[in-house]
Amino acid sequence: MSGKKILVVCLGNICRSPTAQAVLRHKALLQNRDITIDSAGTSASHKGALPDSRSIRAGAARGYNFSGLYSRPVFEQDFVNFDLILAMDKSNLAELRRRCPAEHHHKLGLFLQHLPDYPKINEVPDPYYSGSQGFELVLDLIEQASEQLLIALTR
Ligand code: 4NP
């Protein structure tokens, strides 16, 4: 599978999904993979905002670059344009299912769906009201899931 377009989705598109976008694009580039990655939020409340400074700091310490990322809401057209739309948690997946036309429902899933521990571990916890540990956990889960996703996309 090449040329896939993947959209990663959380609530505000300032913590988890921009982190997933930064990690995935970094790993895809290292693997010379032809994959388009974007991110969005089910809420528009942070529209136009840069990623959260705590996400940028934690990600930068592991070598990830957040440049060019700004919060945007999920658009109706995203369900047509993307091949895979992966939510960070079940509530965001439920919201995507509610908005997505039936013909595109097969594109929806959870970002952690390829983890070896799935479905025991199936959500990236919202770090917004957590301390720095929450942001480290987000990175731990997203790094593992990104590796698994890139493997799954070669099958
Ligand atoms: P995210 O985190 O969904 O990972 O971007 C959040 C960002 C903002 C809020 C909640 C979660 N908020 O309530 O404003």
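Contact means heavy atoms within 4.5 Å. Residues are numbered from 1 along each chain as its sequence is written, and side-chain values use heavy atoms, with hydrogens and water left out. This is a predicted model, where local features need pLDDT of at least 70, side-chain atom pairs count only at pLDDT 80 or more, and totals for chains, interfaces and linings use all residues.

**Exercise 1.** Find the partners of Ile 6, leaving aside neighbours within four places in sequence.

*Solution.* Start at Ile 6 and look for contacts: you should get Ile 35, Thr 36, Ile 37, Asp 38, Phe 82, Leu 84, Leu 86, Leu 149 and Leu 153.

**Exercise 2.** Describe the largest nonpolar core.

*Solution.* First, the term: a nonpolar core is a set of buried Ala, Val, Leu, Ile, Met, Phe, Trp, Tyr and Cys residues joined through side-chain atoms within 4.5 Å, and buried means under 20% relative accessible area (1.4 Å probe, protein chains only). Next, the count: the largest core holds 32 residues, and Ile 6 and Leu 149 are among those with the most contacts inside it. Then the suppliers: β1 (4–10), α1 (16–30), β2 (35–41), β3 (84–87) and α5 (132–152) each give at least two residues. Here helices (H or I, at least four residues) and strands (E, at least two) are DSSP runs, numbered from the N terminus. Last, the top giver is α5, with eight residues.

**Exercise 3.** Track down another core, apart from that one.

*Solution.* Try Val 9, Phe 82, Leu 93 and Leu 108: they are among the 13 residues of this other core.

Notes
Buried < 20%, exposed > 50% of the residue type's maximum accessible area, 1.4 Å probe, protein only.
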